[in-house]
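Please open the structure in your viewer and keep the sequence beside it. The tour below proceeds stop by stop, and each stop begins with a selection.

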Amino acid sequence: MTGARAAVDAVVVGAGPNGLAAAIEMARAGRSVTVLEASARIGGGLWSAEMTLPGFIHDHCSAIHPFGRISPFFRSVDLARHGLAWATPAIAIGHPLDDGSAVLVRGGVAETAPALGDDAAAYRRLLGPIVRDWDALMPDLLGPFPIPVQPRRAVRLARFGLEALPPATWLARRFHGEGARALIAGAACHSQIALSEPVSAAAALVMLATAHVDGWPLPIGGASRIADALAAELRALGGTIETDRPVASLGDLPPHRAALFDVDPRQLLAIAGPRLSAGYRRALRRFRPGPGTFKLDLALDGPIPWRATELTEAGTVHVGGTYDEIARAEAETARGRIPDRPFVLLAQQSRFDRTRVPGDGETVWAYCHVPNGSTADMTEPILGQIERFAPGFRDRILATTVTTPAELEAVNPNLRGGDIAGGRMDIRQLFTRPSLRVLDPYATSDPRIFICSASTPPGGGIHGMCGLHAARSALRRD
């Protein structure tokens, strides 16, 4: 069967955003490319469907896209010509507090800081330089471990590292008011590690900076539209995509010069193990997953009745209360326990994209972190946290769909145990993912095999950078 198929320069296994990005970069370099996707649909975490009621379009996994317009990869492709359009909420992030107020990230640093009161100046000092230097910083932050040569670049990275490498608890100490501290906590939770762990501050800085730079947009029509546009771009460059094409071994691939895998380390080990060195196989076996995700998709008969009414203008709402509460919940998860009051990441996309709902309806996307592979039912804890800041919320619910960690993995094997970040994002695995090949983590021990999934730097998120870097690694060895 393999010998009968046409040879290609590159075969990409997996049509998630990183696999499609890798294929596009290879095709742009003039290489023939075929993408093989085990599922009947493309996109990996980028897909949308009527998951609750007819006419209510929900994003299954990825929803809000801080890097969807601004990562170096997405800046390099014109997806608007394939019909992709974006909505940008007036408020990128909202964080409700128990007194009925909310902390809001609205526009740039200058627009957000004044509402933080006595912490305004500290917020400007912290975020102002990062946002100002963002275009120069971003390529280094979204790739393998940077080794700066130019003095200005070295100084810029060192300044960022001094703030980013410590735990988020250190960052929070720069602020005195509960609002600013809660804002830091919510943003830091995107690291999916305990806020007392080193480098958890990096997530807070990066997430807040992207909110100020581009407002955390969402694709009109649902996350599937991003995948569709990427596929259209690849086909326009001459690449091909085959769905319903599972790959169990290298023998399932057409003849090729390079193979790029948008899969997690365990899958790569199962598929290509015999071709990999013993040391590299050990590294793949040692790779540690991140926490799991328990998710709810809700159809409502109207907007969430937030006590802080301005939250109806927020695309993303961080629901968890004070810094101390959030830190406690994430610490419990890191210890393998179930928090009583989980930190909830909530998106209300239909507030800004009415193509997703009929009439006055609304969709809500909400999840919390749980230990990897957890079987705990977090439905009531999640609903209780939302009701806490939006009394009467439960009365608006028309239908609910639950997605457990096991169900996430069943749909997408890359989400092992419900891990949506491609592996634990702690100090040990931030740059050494999936192995200690710091300068080129996309190459494996076999010069024709590459890994381009979120298990490589910079990790999870819809940015396409894992695929872009892996493709460039393969091209350097061509």
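## The whole chain

Of the contacts in the protein chain with a separation of 6 or more, 74% are between residues 24 or more positions apart, a contact being heavy atoms within 4.5 Å. The model is a predicted one, in which local features need pLDDT of at least 70 and side-chain atom pairs count only at pLDDT 80 or more, while totals for chains, interfaces and linings use all residues. Residues are numbered from 1 along each chain as its sequence is written, and side-chain values use heavy atoms, with hydrogens and water left out.

Display the protein chain as a cartoon: 16 helices and 16 strands appear. Both are DSSP runs numbered from the N terminus, helices being H or I with at least four residues and strands E with at least two. The radius of gyration of the protein chain is 21 Å, close to the 23 Å that the globule rule gives for 478 residues, so the chain is as compact as a globular protein of that length. This radius is taken over C-alpha atoms, and the globule rule is 2.2 Å times the number of residues to the power 0.38. Along the principal axes, the C-alpha atoms fill a box of roughly 65 × 55 × 45 Å.

Now switch to a surface. The protein chain exposes about 17,500 Å², of which carbon and sulfur atoms supply 54%; accessible areas come from the Shrake-Rupley method with a 1.4 Å probe, and for residues only the protein chains shown count as cover. Of the 478 residues, 62% count as buried. Buried means under 20% relative accessible area, exposed over 50%, and partly exposed in between (1.4 Å probe, protein chains only).

## Helix α5 and the loop after it

Select residues 134-141, which form helix α5. Which residues of this helix are buried? They are W134, L137, M138 and D140. Seen down the axis of α5, the buried residues fall within an arc of 170 degrees, so they line one face of the helix; the arc is that of the directions from the helix axis to the C-beta atoms. Among the elements covering them are α2 (72-75), α4 (120-132), α6 (151-164) and α9 (200-214).

Next, select I147, in the loop between α5 and α6. I147 is exposed, with a relative accessible area of 52%. Add F145 and L439 to the selection: with I147 they form a nonpolar patch on the surface, and together the three have about 330 Å² of accessible area. Patches are made of residues with over 30% relative accessible area and no salt bridge, like charges being joined within 9 Å and nonpolar side chains (Val, Leu, Ile, Met, Phe, Trp, Tyr) within 5 Å.

## Two buried residues

Select I91, which lies in strand β6 (residues 91-96). I91 is buried, at 0% relative accessible area. Leaving out residues up to four places away in sequence, I91 touches L104, V105, R106, E310, E313, A314 and G315. The C-alpha atoms of I91 and G315 are separated by 6.4 Å, although their positions lie 224 residues apart along the chain.

Then move to A180 in helix α8 (residues 178-188), a residue that counts as buried at 4% relative accessibility. Beyond its neighbours within four places in sequence, A180 is in contact with L116, D119 and F175.

## Salt bridges

Side chains of opposite charge can pair when their charged atoms come close. A salt bridge here is a side-chain nitrogen of Lys or Arg within 4 Å of a carboxyl oxygen of Asp or Glu, and the count comes to 35.

Return to helix α5 and select D135 with R75; their closest N and O atoms are 3.2 Å apart in a salt bridge. D135 lies in α5 and R75 in helix α2, so the pair ties together parts that are 60 residues apart in sequence. R75 is partly exposed, at 45% relative accessible area.

Select R81 and E233, whose side chains meet in a salt bridge (2.8 Å, N to O). R81 lies in the loop between α2 and β5 (86-87) and E233 in helix α10 (residues 224-236), so this pair ties together parts that are 152 residues apart in sequence. R81 is exposed, with a relative accessible area of 52%, whereas E233 counts as buried at 8%.
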